[in-house]
Amino acid sequence: MNDTLPITLQVNGHAHAIRVEPRKTLSDALRIDCGLTGTNVGCEHGVCGACTVLLDGAPVRSCLMFAVQAQGRALRTVEGLAQGGNLAPLQQAFIDHHALQCGFCTSGFLMLATGMLERNPTIDDASLREVLASNLCRCTGYQNILRAVAHTRDALRAGTVKNVDGAQATATSQVSR
Ligand code: FES
Ligand code: FES
């Protein structure tokens, strides 16, 4: 018996027409059915944040949503950050500040921070620290992640970066280092 449903997911501006069981998580649909494996799955019960994606601009745990719930919503994943062959300023800042080691948590942190900075580009240090504490990293000790995100926030504030993602990546040629 075929108990799958046809749905269309809008991911990074592209439509993905797929068939899923109603119980399939959004994270599995993104990875398996859409082929977007940048979204990682760690705990699968909402704790680690590795599966964080943006849903209508807000960070969500994609392991806690069913794919069918995301129909008609705008999804963004880590694959959509770099544009036109250019890393997003936030991605470049992660490189510059050594904000990753194994990288398993990285896509989740990038999407969490992207959603946070797009909503509040002037977020203060204490609030930034509090938001980033919602995702887990077992490698870095968090300090370099905090530095990378704070650097991007400061660049947005100074006008040297126009967007968190790769769209119109920089006002000047590079994120200042
Ligand atoms: S895999 Fe979704 S929160 Fe850990
Ligand atoms: S870099 Fe390894 S879990 Fe964060």
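Here are some notes on this structure, for someone looking at it for the first time.

1. Before anything else, keep in mind that this is a predicted model. As an overview, the chain contains five helices and five strands. Going along the sequence, these come in the pattern β-β-α-β-β-β-α-α-α-α.

2. On overall dimensions, the radius of gyration is 16 Å, close to the 16 Å given by the globule rule for 177 residues, so the chain is as compact as a globular protein of that length. If you box the C-alpha atoms along the principal axes, you get roughly 55 × 30 × 25 Å. Of the 177 residues, 42% are buried. Take the contacts between residues at least 6 apart in sequence: 59% of them join residues at least 24 apart.

3. Next, the sheet. Five strands make an open sheet with mixed pairing, and their order is 2-1-5-3-4. Strand 2 and strand 4 sit at the edges, each pairing on one side only. From one strand to the next, the twist averages 40°. As background, strands of a sheet pair through backbone hydrogen bonds, in either a parallel or an antiparallel way.

4. One pairing to look at is that of strand 3 with strand 4. The two run antiparallel and share four bridges. Within this part of the sheet, Leu55 stands opposite Ala58 of strand 4.

5. Which strands does helix 1 touch as it packs on the sheet? The answer is strand 1 and strand 2, and the helix direction makes about 105° with that of strand 2. Helix 3, residues 106–119, also packs on the sheet, where it touches strand 3 and strand 4. The direction of helix 3 is at about 35° to that of strand 3.

6. Now for the domains. The domain assignment splits the chain into domain 1, residues 5–78, and domain 2, residues 89–166. Their C-alpha centres are 21 Å apart. Across the boundary, 16 residues of domain 1 are in contact with 13 residues of domain 2.

7. What does the side of domain 1 that touches domain 2 consist of? Strand 3 (52–55) and strand 4 (58–61) each supply at least two of its residues. Strand 3 gives the most, with three residues. By type, the residues on this side of domain 1 are nine nonpolar, seven polar and no charged.

8. Two backbone angles deserve a look. In general, most residues other than glycine have a negative phi. Asn12, which is not a glycine, has a positive phi of about 50°. You'll find Asn12 in the loop between strand 1 (5–11) and strand 2 (14–20). Asn12 counts as partly exposed because it has 19 C-beta neighbours inside 10 Å, where 20 or more would make a residue buried.

9. The other angle belongs to Glu44, again not a glycine, with a positive phi near 60°. Glu44 is in the loop between helix 1 (26–33) and strand 3. Is Glu44 buried, exposed or partly exposed? It counts as partly exposed, because 15 C-beta neighbours lie inside 10 Å.

10. Toward the end of the chain, have a look at Gly166, in the segment after helix 5 (143–158). Gly166 has 20 other C-beta atoms within 10 Å, so it is buried. Leaving aside residues up to four places away in sequence, Gly166 touches Leu81, Ala82, Gln83, Gly84, Asn86, Leu87 and Ala88. Leu87 is 79 residues from Gly166 along the chain, yet their C-alpha atoms are separated by 5.8 Å.

11. Last, Arg129, which you can locate in helix 4, residues 125–132. Arg129 counts as partly exposed because it has 14 C-beta neighbours inside 10 Å. For a sense of distance, Arg129 and Leu55 are 74 residues apart along the chain, and 22 Å separates their C-alpha atoms.

Methods. Residues numbered from 1 in each chain as written. Chains lettered and ligands numbered in written order. Predicted model: local features only at pLDDT ≥ 70, side-chain atom pairs only at ≥ 80, totals over all residues. Buried ≥ 20, exposed ≤ 12 C-beta atoms within 10 Å, placed from the backbone. Domains from an automatic or database assignment. Contact = placed C-beta atoms within 7 Å. Nonpolar A, V, L, I, M, F, W, Y, C, P; charged D, E, K, R; others polar. Pairing = 2+ DSSP bridges. Axes fitted to C-alpha atoms, helices over the stretch in contact; angles between N-to-C directions. Rg over C-alpha atoms; globule rule 2.2 N^0.38 Å.
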